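Student: Please take me through the structure shown below. I should like each answer to be reasoned step by step.

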Amino acid sequence: MTPVRPGPRVPTATYRLQLQPAFPFAAAAAAVPYLASLGVSHLHLSPVLEAVPGSTHGYDVVDHARVRDELGGEDGLRALAGTAREHGLGLVVDIVPNHMAMAPRHNHALWEVLREGPASPYARWFDIDWEAQGGRVLLPVLGGPVGAEREHLVVDGDVLRYHEHAFPLRSGTGHLPLPELLDAQWYRPVWWRLARTEVNYRRFFSISELIGVRVEDPEVFDATHAKILQLLAEGVVDGLRVDHPDGLADPDGYLARLHEASGGRWTVVEKILADGERLPPSWPVAGTTGYDALRQVDGLFTDRAGAGELLAGYRRFAAPQTDRGGDWEATVRRAAYHVLTHELAAETDRLTRTAARLCASSPDLALRDRAPWALRTALVELLVRMRVYRPYASGDAAAVVTEEAAAEARHAFVVPEEAGAVDVVRRLLVDADGEVAGAAAGELRARFAQTASALRAKSVEDTAFYRYVPLLSATEVGGDPGRPGVSPEDFHAYCAGVQRDWPATGTVVSTHDTKRSADVRAALAVLTECPARWAQLLAEVTLPEEGVPDGQLAWAAWQTVFGLGPADEGRAEERVQGALLKHVREAGLYTSWTEQEPPYEEAVAAFVAAGPCGPPGERVAAFRKALEPHVRANVLGTALVHLTMPGVPDVYQGTEGEYRALVDPDNRRPVPFPPEAPGEKDAVTAAALRLRARRPGAFGTTATYTPLAAEGPAAPHCVAFARSAAVVTAVTRLSLRLAEAGGWRGTRLALPPGRWADVLTPGREFAGHARVADLFERLPVVLLERTDEG
């Protein structure tokens with residue numbers, strides 16, 4: 001089927017702003033003149049609908065019908081749009097179809113469901129399993145068992161209060177004693193620790209504070225999208241970013257409905273593609289938000305062979321912990337088992353019940369009488385072997401739930417006869433011949449897909465990325481730490497495919513979700529060019545008497561301070577401590593968010609203060625300073641490649657200049673506009689963005705992408721490409737290896753026909769076979785524009 005592609009106004013480049021009460025619409029409007037001068041065509045706004053008061057991100061929506069008051073309300077958004085239009089800019093807005101905040105006192109729709117139960121007209125909004133927990137919604141909000149918290153549960157008129165929480169009472173129940181009152185409600189407050197095993201509503205991943213929304217229901221879609229669609233229709237908003245479509249029951253149907261309702265506006269989806277996975281070609285979207293591009297760009301500046309040496313050094317340094325984090329595939333598999341039996345245990349139980357119900361009702365004797373425990377084992381064993389986030393209705397489920405995975409899953413059964421449950425489950429999920437129809441079969445496939453996406457995110461991005469740490473820059477959203485390097489040939493092939501299939505897709509290198517900003521990762525990539533020196537340095541600065549909690553954590557801590565580099569005075573230790581506390585809790589090896597171990601966390605804090613952020617850290621700082629020319633080459637190379645490769649680049653707030661940030665909330669803090677001290681990266685970014693704006697045809701949907709090959713002894717260190725025979729980008733790759741090999745040594749780059757002016761250094765021109773040393777005389781990157789076109 002020929003894919004439908006959005007038509008109206010494709011951005012040339014977008015600029016991401018993180019709106020929050022400390023940075024509302026008015027602050028964004030004040031920044032518009034500066035942002036317009038950069039050369040972007042659109043502002044990309046974080047969610048703008050009503051959210052939980054004080055939210056610093058806006059993904060915890062409570063009311064889809066209102067623009068958020070704390071940001072300035074609808075009038076403030078319209079004023080921002082007007083100011084943007086005056087400066088030639090449009091608006092792209094982030095929308096959150098998958099979930100809302102589980103905050104009844106702010107979420108009116110949820111309040112009504114808790115008050116009226118399944119009979120509420122809003123009950124269809126939320127993905128609640130009313131057959132579980134006695135037909136009541138389990139609310140994991142209590143600080144302990146109900147008995148221990150009873151004195152804090154207070155009836156206040158027709159409201160039940162618990163500290164900052166408030167819940168509605170059913171009519172006529174306020175006079176009842178507390179035990180009877182709790183039994184009379186459509187909900188049951190419980191200890192928060194029960195969330196992972198007993199919660200009976202779909203969550204965003206394993207976050208109990210976010211409840212899944214059923215946008216597959218046309219009425220729910222209409223109610224939750226009316227305001228955004230109005231803003232699109234009235235020209236306030238021009239395009240959309242769709243948050244986490246993988247959580248939806250039917251992403252295919254949702255995106256088709258959104259495309260039709262929005263009039264085909266430019267829309268990108270936050271879809272993580274595994275290595276080799278393609279975006280479903282039938283989706284009527286411009287492409288992804290760009291994490292697939294991030295992996296390619298990062299990989300281009302990573303030495304694959306050096307990354308292997310770094311892994312070997314890590315295994316020696318971190319022993320004996322390497323059995324839990326020295327092999328990528330094994331680390332992911334162990335994390336997946338843990339997540340399914342802990343954080344997502346409730347989701348696994350619901351999926352098992354759905355499969356058992358479908359088998360019990362099947363007239364096919366091959367499906368009936370399957371024990372729930374066998375079905376559960378089969379589901380778990382298939383889920384942990386998923387190589388992608390989820391299957392889709394538009395795709396081939398057999399290519400995702402593979403026979404190879406099924407063969408492995410059968411070996412998990414002690415009793416061979418029970419291994420047939422794997423074949424039963426796979427048959428239900430794949431159903432290539434359409435033998436298993438009906439609502440129950442559809443529910444099983446949708447819930448399997450939703451559980452698979454939550455599992456992939458939690459086990460890979462939120463667990464394995466914190467357990468497998470040979471190279472922190474590779475443990476990034478969309479990344480593949482098992483294969484951290486990308487060859488120039490593979491990079492060119494990727495770009496050619498994007499220009500051919502998804503020319504208006506989004507591209508990113510830093511976002512609000514990246515665990516480290518692009519500049520931090522660019523610095524870390526240099527370590528793959530000097531792995532032996534790094535390992536030796538860590539052996540010297542990490543002394544047993546300094547109370548190292550474990551080798552794995554120490555390795556990650558030293559890389560964190562190396563990547564961050566010189567930080568703002570007085571806050572460097574605070575920022576590193578915050579990032580590493582999150583690191584050890586996400587890893588879940590010695591402490592976690594739900595099972596915190598204060599002695600271990602205190603040992604981590606003491607080590608960080610005495611080592612990486614103490615006197616030994618000065619040696620790491622000196623090591624980084626000596627490598628600064630190579631860090632610079634990676635930083636500028638990453639920026640220029642991102643801004644000129646196929647797709648629509650999204651510049652995260654502040655990253656037009658030097659921007660070194662760690663995991664959120666560090667990367668979501670407000671930034672000054674204009675920047676206080678612009679430097680080289682600011683100049684490169686502005687020049688590239690202005691060139692995109694000046695020559696949209698060279699970068700747009702009908703542009704061409706042509707790799708350019710250098711010739712000479714250092715040819716592999718020059719990566720170059722032309723866009724529509726009008727613009728040439730060339731960057732230095734692996735500059736430390738290049739310097740150690742003797743430099744460019746006469747290497748030349750054959751430019752396309754014509755005369756070429758240096759955009760970054762006015763006054764310089766090139767033609768024919770240019771000496772690479774001349775191209776990179778001032779900067780490790782060059783951006784050329786053809787000047788003799790007829």
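**Helix pairs, cores and single residues**

Student: Which residues of H11 meet which residues of H16?
Tutor: Contact here means heavy atoms within 4.5 Å. Helices (H or I, at least four residues) and strands (E, at least two) are DSSP runs numbered from the N terminus. On the side of H11, the residues are Trp328, Thr331, Val332, Ala335, Ala336, Val339 and Leu340. They meet these residues of H16: Thr451, Leu455, Lys458, Ser459, Val460, Thr463, Ala464, Phe465 and Arg467.

Student: How do the residues of the contact of H11 with H16 divide into nonpolar, polar and charged?
Tutor: Ala, Val, Leu, Ile, Met, Phe, Trp, Tyr, Cys and Pro count as nonpolar, Asp, Glu, Lys and Arg as charged, and the others, Gly among them, as polar. On that basis, the contact of H11 with H16 holds 10 nonpolar, 4 polar and 2 charged residues.

Student: What pLDDT do local features need in this model?
Tutor: Residues are numbered from 1 along each chain as its sequence is written, and side-chain values use heavy atoms, without hydrogens or water. The model is predicted: totals for chains, interfaces and linings use all residues, side-chain atom pairs count only at pLDDT 80 or more, and local features need a pLDDT of at least 70.

Student: How are H11 and H16 oriented to each other?
Tutor: Axes are lines fitted to C-alpha atoms, for helices over the stretch in contact, with angles from 0 to 180 degrees between N-to-C directions. The axes of H11 (residues 328-341) and H16 (residues 439-467) come within 8 Å and cross at roughly 125°. Angles under 35 degrees count as roughly parallel, over 145 as roughly antiparallel, 65 to 115 as roughly perpendicular and the rest as oblique. H11 and H16 are therefore oblique.

Student: Is H10 roughly parallel or roughly antiparallel to H19?
Tutor: The axes of H10 (residues 304-318) and H19 (residues 531-541) come within 8 Å and cross at roughly 20°. That angle makes the orientation of H10 to H19 roughly parallel.

Student: Which residues of H19 are met by H10?
Tutor: H10 contributes Gly306, Glu309, Leu310 and Phe317. The contact of H10 with H19 divides into 6 nonpolar, 1 polar and 1 charged residue. The residues met in H19 are Pro531, Trp534, Leu538 and Ala539.

Student: Which residues have the most contacts inside the largest nonpolar core?
Tutor: A nonpolar core is a set of buried Ala, Val, Leu, Ile, Met, Phe, Trp, Tyr and Cys residues joined through side-chain atoms within 4.5 Å. Buried means under 20% relative accessible area, exposed over 50%, and partly exposed in between (1.4 Å probe, protein chains only). The largest core has 117 residues, and those with the most contacts inside it are Leu43, Leu45, Phe126 and Phe491.

Student: Which helix gives the largest share of this core?
Tutor: The largest share amounts to 8 residues, and they come from helix H1 (residues 25-38).

Student: How many residues are in the other core, which lies apart from this one?
Tutor: Its members include Phe465, Trp534, Val631 and Val635. Two of these names have appeared already: Phe465 takes part in the contact of H11 with H16, and Trp534 in that of H10 with H19. The number of residues in this other core is 54.

Student: Is Gly313 buried or exposed?
Tutor: Gly313 lies in helix H10. Its C-alpha is 8.2 Å from that of Pro470, although the two are 157 residues apart in sequence. With a relative accessible area of 5%, Gly313 is buried.

Student: How far apart in space are Glu765 and Gly58?
Tutor: Glu765 is found in strand S25 (residues 765-766) and is partly exposed, with a relative accessible area of 44%. Glu765 and Gly58 are 707 residues apart in sequence, and from C-alpha to C-alpha the distance is 48 Å.

Student: What is the omega of the peptide bond from Asp664 to Pro665?
Tutor: Pro665 is found in the loop between strand S18 (648-652) and helix H25 (680-694). Pro674 has its place in the loop between S18 and H25 too, and a cis bond with omega about -10° joins Phe673 to Pro674. The bond from Asp664 to Pro665 is cis, with omega near 10°.

Student: What is the phi of His163?
Tutor: His163 is in the loop between strand S9 (159-162) and strand S10 (165-168), and at 53% relative accessibility it counts as exposed. Although His163 is not a glycine, its phi is positive, at about 50°.
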